[in-house]
Amino acid sequence: MLTVEVILKYYFATVTVLGGLVVLLGTKYTLRTWRGLPKTKWLAPSLAMALLALILASTAELPALILGNWILLALIAGVAEESVKLLPIKLYRELENWGKWKLVIGTAFLLGLIEGVLYTSAIVLFGENIYLALVRIVLIGFHTIWAVVSAGFLLGHTGPRRFSGLAFAILAHAFYDMPTLAGFGGYSANAVAAVVVVSTVFMLLTPAMVKRAAELVRTEAEERGGKG
């Protein structure tokens, strides 16, 4: 009979291998659109947004962390982190949508990078299994491509459909975190296995969502350019 520990080892292997491939494919679709858009300065404002996003998300997650409610923490992390990555859309209203999209992606990448450095340092400091560092590296990529999806749909669609990308990113993020946190929370092996399956399904769907989101941004930029 599989234990929670064994299931999590399989899950981490899935994240490393399948998740790594998903990130590479999602990055390919993202860069294909990014390179076709006008050049703009994104690094400095994205870094400022990433630091602000990290503070806001950490504050939102703190109550669940203190209470030790791990499932609630996974859900709050999904909502908070995927929402704060969209700060550039609100704070840089004067930019064209493609410029906002680039800032959101930069913010997400730098947020994931900062978070990854902090977690990896803790992994090394406390002598945890080094393969967990590989999981953190993959998560940097997921942070980025989830933001591609949420911002792409938000900026490229109108009406209720524009929020479908954000909903997908929130759920994908929450279920990504949930197996590990469910294990911490003492949930049964069957419960952990169930959320592993759901998380894996979201991973498999992610490349198609990234491709569609990038296409929406590219099409919107081309239409605006044509009208201009």
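**First stop: a patch on the surface**

Select Leu2, Val6 and Tyr10, which together make a nonpolar surface patch of about 300 Å². Patches of this kind consist of residues with over 30% relative accessible area and no salt bridge; nonpolar side chains (Val, Leu, Ile, Met, Phe, Trp, Tyr) are joined within 5 Å, and like charges within 9 Å. Accessible areas follow the Shrake-Rupley method with a 1.4 Å probe, and for residues only the protein chains shown count as cover. Leu2 is found in the segment before α1.

The structure is a predicted model, in which local features need pLDDT of at least 70 and side-chain atom pairs count only at pLDDT 80 or more, while totals for chains, interfaces and linings use all residues. Residues are numbered from 1 along each chain as its sequence is written, and side-chain values use heavy atoms, with hydrogens and water left out.

**Second stop: the whole chain**

Display the protein as a cartoon. Eight helices and zero strands are present; helices (H or I, at least four residues) and strands (E, at least two) are DSSP runs, numbered from the N terminus. Along its principal axes, the C-alpha trace spans about 65 × 30 × 30 Å. The radius of gyration is 18 Å, which agrees with the value near 17 Å for a compact globule of 228 residues. This radius is taken over C-alpha atoms, and the globule rule is 2.2 Å times the number of residues to the power 0.38.

Now switch to the surface view. The accessible surface comes to about 11500 Å², of which 69% belongs to carbon and sulfur atoms. Of the 228 residues, 49% count as buried. Buried means under 20% relative accessible area, exposed over 50%, and partly exposed in between (1.4 Å probe, protein chains only). Among contacts (heavy atoms within 4.5 Å) with a separation of 6 or more, 79% are between residues 24 or more positions apart.

**Third stop: the interior**

Hide the surface and select Trp101, Phe142 and Tyr176. These residues have the most contacts inside the largest nonpolar core, which has 58 residues. The elements giving two or more residues to this core are α1 (4-34), α3 (70-84), α5 (97-125), α6 (131-156), α7 (164-184) and α8 (189-227). Apart from it lies another core, of six residues, including Met49, Ala53, Ala57 and Leu87. A nonpolar core is a set of buried Ala, Val, Leu, Ile, Met, Phe, Trp, Tyr and Cys residues joined through side-chain atoms within 4.5 Å. In soluble globular proteins, nonpolar side chains tend to be buried together.

Centre the view on Phe142. Which residues does Phe142 touch, not counting residues up to four places away in sequence? They are Gly19, Val22, Val23, Tyr176 and Met203.

Move next to Ser199 in helix α8. Ser199 is buried, at 2% relative accessibility. With residues up to four places away in sequence not counted, Ser199 touches Tyr11, Phe175 and Tyr176.

**Fourth stop: the salt bridges**

The structure holds three salt bridges, each defined by a side-chain nitrogen of Lys or Arg within 4 Å of a carboxyl oxygen of Asp or Glu.

- Select Glu82 and Lys85: their closest N and O atoms are 2.7 Å apart, and both residues are buried.
- Select Glu115 and Arg136: their side chains meet at 2.9 Å, N to O. Glu115 lies in helix α5 and Arg136 in helix α6, so this pair ties together parts that are 21 residues apart in sequence. Glu115 is buried, at 10% relative accessible area, and Arg136 is buried at 15%.
- Select Glu215 and Arg212: the distance from N to O is 4.0 Å. Both lie in helix α8, three residues apart, about one turn of the helix. Glu215 is partly exposed at 26% relative accessible area, as is Arg212 at 37%.

**Last stop: two distances**

Select Val17 in helix α1. Is Val17 buried or exposed? Val17 is exposed, with a relative accessible area of 56%. Add Val135: the two C-alpha atoms are separated by 9.4 Å, although the residues are 118 apart along the chain.

Finally, select Asn129, in the loop between α5 and α6. Asn129 is partly exposed, at 43% relative accessibility. From Asn129 to Gly78 the distance is 25 Å, C-alpha to C-alpha, with their positions 51 residues apart in sequence.
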